[in-house]
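User: I am new to this structure and would like to understand how its descriptions are justified. Could you take me through the reasoning step by step?

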Amino acid sequence: MVIFKYIEDVKYYLENKREEGFRIAFIPTMGALHNGHISLINEAKQAKPAGYNSAIAIPAKKLTVASIFVNPTQFNDKEDFEKYPVSGENDIQMLAEAGCDVLFMPQVTEIYPGGPDNIPTFEFGYLETVLEGAQRPGHFKGVGQVVARLLDIVQPDELYLGQKDYQQCMVLKDLIRQLGKEDTINLHISSTQREPDGLAMSSRNRRLTEPQRAIAALIYQCLVSIQAKQSTDKFELVQKECNDLLEEKGFSPEYISLADANNLELLTDFDSNRKMIVLIAAKLGNVRLIDNMLLN
Ligand code: AMP
């Protein structure tokens with residue numbers, strides 16, 4: 001695996017590879033890697049490259065590029081940013097073992113020379129006003145800003161994101177459209193990787209204390225129970241049951257919401273004519289956890 005810290009160097013390297021016929025698959029991360037991240041690398045490596053044509057004897061070659069950058073502009077909570085886990089050496093080893101070809105790990109000054117105000121931002125309308133957008137003001141502005149910058153540097157043919165951050169996937173799909181790249185970037189959304197007890201893998205899980213970790217999978221259990229009750233109960237009822245249960249165990253739920261999976265329009269009750277998703281955000285101590293499940 002080749003590691004780059006500077007934009008100029010990674011751009012030069014990737015330009016040469018592109019000229020050699022490589023397609024580029026990109027996996028942006030904030031580091032503190034776990035098997036959820038590695039599943040994105042594995043999928044990128046396994047999927048046939050965009051442009052692959054089985055009728056051509058030599059398939060297009062693919063290069064897997066990951067980035068690690070803890071983006072300060074997407075943290076609305078200063079403490080969350082300051083306590084965001086960092087595990088540089090371990091991350092590098094995990095990526096190398098997974099067969100990642102290139103790692104880009106820039107400093108903040110490299111991404112934001114002259115500060116973040118000098119880099120364009122994007123509007124995501126309704127998506128910025130609900131769920132994560134409502135709970136974390138400015139978060140998606142920061143995400144859009146950094147991903148636009150990274151896409152411009154890496155110029156990928158394929159982008160791999162995790163369903164764990166479902167709303168972020170929708171925001172970034174819209175970003176790709178706003179950048180006029182929907183015909184050049186193939187977006188892949190990979191399923192959420194979970195711990196054996198169901199807890200969605202997350203870098204923030206390592207900030208949980210032992211007793212907190214022991215109950216953290218309750219969020220997943222709530223999602224499962226909501227899914228199981230979609231054709232028998234009213235959403236309001238199961239939402240309240242889950243809210244009460246989470247509170248009783250010491251969580252502070254921020255939302256337990258049902259939405260149309262195509263546009264995140266919030267729904268008051270189950271509607272089997274729509275593709276539905278349930279999304280939960282809850283704090284356990286000062287660790288904020290999110291998860292979601294497609295219902296049908
Ligand atoms: P992060 O480092 O949290 O910014 O995540 C980088 C990418 O990994 C994002 O596209 C996430 O959605 C994805 N990701 C994070 N956790 C998981 C998980 N448990 N399963 C699959 N993908 C994940």
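User: How many Å separate the centres of domain 1 and domain 2?

Analyst: In this predicted model, the centres of domain 1 and domain 2, taken over C-alpha atoms, are separated by 27 Å. The domain assignment places domain 1 at residues 2-190 and domain 2 at residues 203-294.

User: What makes the residues between the two domains count as a contact?

Analyst: Contact requires heavy atoms within 4.5 Å, and the contact takes in 26 residues from domain 1 together with 22 residues from domain 2. The area buried between domain 1 and domain 2 comes to about 2,000 Å², and carbon and sulfur atoms give 50% of that area.

User: Why is the pairing of Asp80 and Arg207 called a salt bridge?

Analyst: The rule asks for a side-chain nitrogen of Lys or Arg within 4 Å of a carboxyl oxygen of Asp or Glu. For Arg207 and Asp80 the closest N and O atoms are 3.5 Å apart, and therefore the pair satisfies the 4 Å cut-off. Arg207 lies in the loop between strand E6 (186-190) and helix H9 (210-215), whereas Asp80 lies in helix H3, so the pair ties together parts that are 127 residues apart in sequence. Across the interface of domain 1 and domain 2 the rule finds 3 salt bridges, while a search of the whole structure finds 21.

User: Which other polar pairs cross the interface, and which helices of domain 1 supply residues to the side that touches domain 2?

Analyst: There are 16 residue pairs in polar contact across the interface of domain 1 and domain 2, with both residues at pLDDT 80 or more. On the side of domain 1 that touches domain 2, at least two residues each come from helix H3 (78-82), helix H6 (132-135) and helix H8 (166-178). H8 gives the most to that side, with 3 residues. The residues of this side of domain 1 divide into 11 nonpolar, 7 polar and 8 charged.

User: How do you know that Asp165 makes a polar contact with the ligand?

Analyst: A polar contact needs a pair of N or O atoms within 3.5 Å. A polar side-chain atom of Asp165 lies 2.6 Å from an oxygen atom of the ligand, so the pair falls within that cut-off.

User: Where do backbone atoms approach the ligand?

Analyst: A polar backbone atom of Met30 is 2.9 Å from an oxygen atom of the ligand, and a backbone N or O atom of Gly162 lies 3.0 Å from an oxygen atom of the ligand. In total 16 residues surround the ligand, and the closest are Met30, His37, Asp165, Gln193 and Met201.

Notes. Residues are numbered from 1 along each chain as its sequence is written. This is a predicted model: local features need pLDDT of at least 70, side-chain atom pairs count only at pLDDT 80 or more; totals for chains, interfaces and linings use all residues. Side-chain values use heavy atoms; hydrogens and water are left out. Domain bounds come from an automatic or database domain assignment. Buried area is the accessible area (1.4 Å probe) that two parts lose on being put together, summed over both. A polar contact is a pair of N or O atoms within 3.5 Å; within protein, one must be able to donate a hydrogen and the other to accept it, and residues adjacent in sequence count only if both atoms are side-chain atoms. Helices (H or I, at least four residues) and strands (E, at least two) are DSSP runs, numbered from the N terminus. Ala, Val, Leu, Ile, Met, Phe, Trp, Tyr, Cys and Pro count as nonpolar, Asp, Glu, Lys and Arg as charged, and the others, Gly among them, as polar. A residue is near a molecule or strand if one of its heavy atoms lies within 4 Å of it.
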